[in-house]
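Please examine the sequence and the model displayed below. The paragraphs that follow begin with one residue and its partner and then widen to the chain as a whole.

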Amino acid sequence: MRYPAKIKPGTHIETVTAHIDVLPTLAGVAGLDTSKTLPLDGISSVPLLEGKTMGWPDRLIFREWRGKGSARSQQYRMAVEGGKPQLYDMIADPGEKNDIAKKKPQIT
């Protein structure tokens, strides 16, 4: 996203966000009031773009596409394919090379 008047160039967000956050974020950057619209699924990432990470909710983001689903937290991503859960540590293994579902059954 490039908007030098509002967002410092080179800003990088480590916090998990998703496609559902795009519309609320664009509305927030544009200064639009969405309080009188239908509820939006996502949340505005404007505070993150401004470097304000304190108080950001730790949330699970669920996704389903063509019968495949996943749940993503700040640290983990769990996917289910063919009825088999797979768990990845997205901080230690962002390329999702090592399935740790059997090593961490309490998280899976």
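R59 is buried in this predicted model; its relative accessible area is 18%, and the residue therefore falls under the 20% limit for burial. The side chain of R59 meets that of D21 in a salt bridge, with 2.3 Å from N to O. Because D21 belongs to the segment before α1 (22-29) and R59 to the loop between α2 (46-49) and β1, this pair ties together parts of the chain that are 38 residues apart in sequence. D21 also counts as buried, at 2% relative accessibility.

The D21 pair is one of 4 salt bridges in the structure. Another joins R77 and E96, whose closest N and O atoms are 2.9 Å apart. R77 lies in strand β3 (residues 76-81) and E96 in the segment after β4 (84-89), so this contact ties together parts that are 19 residues apart in sequence. What is the burial state of each partner? R77 counts as buried at 17% relative accessibility, whereas E96, at 28%, counts as partly exposed.

The segment after β4 takes part in a further salt bridge, between D99 and K84. Here the closest N and O atoms are 3.9 Å apart, a value that still lies within the 4 Å cut-off for a salt bridge. K84 is in strand β4 and D99 in the segment after that strand; the two are 15 residues apart, and the pair links distant parts of the chain. Both residues are partly exposed: K84 has 45% relative accessibility, and D99 has a relative accessible area of 32%.

The strands deserve attention next. Strand β1 (residues 61-65) and strand β2 (residues 68-72) run antiparallel and are joined by 5 bridges. Within this pairing, E64 has G69 of β2 as its bridge partner. The hairpin formed by β1 and β2 has 2 residues between the strands, and R66 takes a positive phi near 50° there. As a general point, side chains in a regular strand alternate between the two faces of the sheet.

The surface also carries a nonpolar patch, made up of M1, V22 and L26. Together these three residues have about 310 Å² of accessible area. L26 is found in helix α1, and its relative accessible area of 46% makes L26 partly exposed.

How are the elements of the protein ordered from the N terminus on? They run α-α-β-β-β-β, giving 2 helices and 4 strands. The radius of gyration is 16 Å, well over the 13 Å that the globule rule gives for 108 residues, so the protein is more spread out than a compact globule. Along the principal axes, the C-alpha trace spans about 45 × 30 × 25 Å.

Some totals for the whole chain complete the picture. Of the 108 residues, 29% are buried, R59, D21 and R77 being among those that count as such. Among contacts with a separation of 6 or more, 26% come from residues 24 or more positions apart. The protein exposes about 8000 Å², of which carbon and sulfur atoms supply 56%.

How values were computed: Residues numbered from 1 in each chain as written. Predicted model: local features only at pLDDT ≥ 70, side-chain atom pairs only at ≥ 80, totals over all residues. Heavy atoms only, no water. Pairing = 2+ DSSP bridges. Buried < 20%, exposed > 50% of the residue type's maximum accessible area, 1.4 Å probe, protein only. Patch = residues over 30% accessible without salt bridge, like charges linked within 9 Å, V, L, I, M, F, W, Y side chains within 5 Å. Areas by Shrake-Rupley, 256 points an atom, 1.4 Å probe, with all protein chains shown as cover. Rg over C-alpha atoms; globule rule 2.2 N^0.38 Å. Contact = heavy atoms within 4.5 Å.
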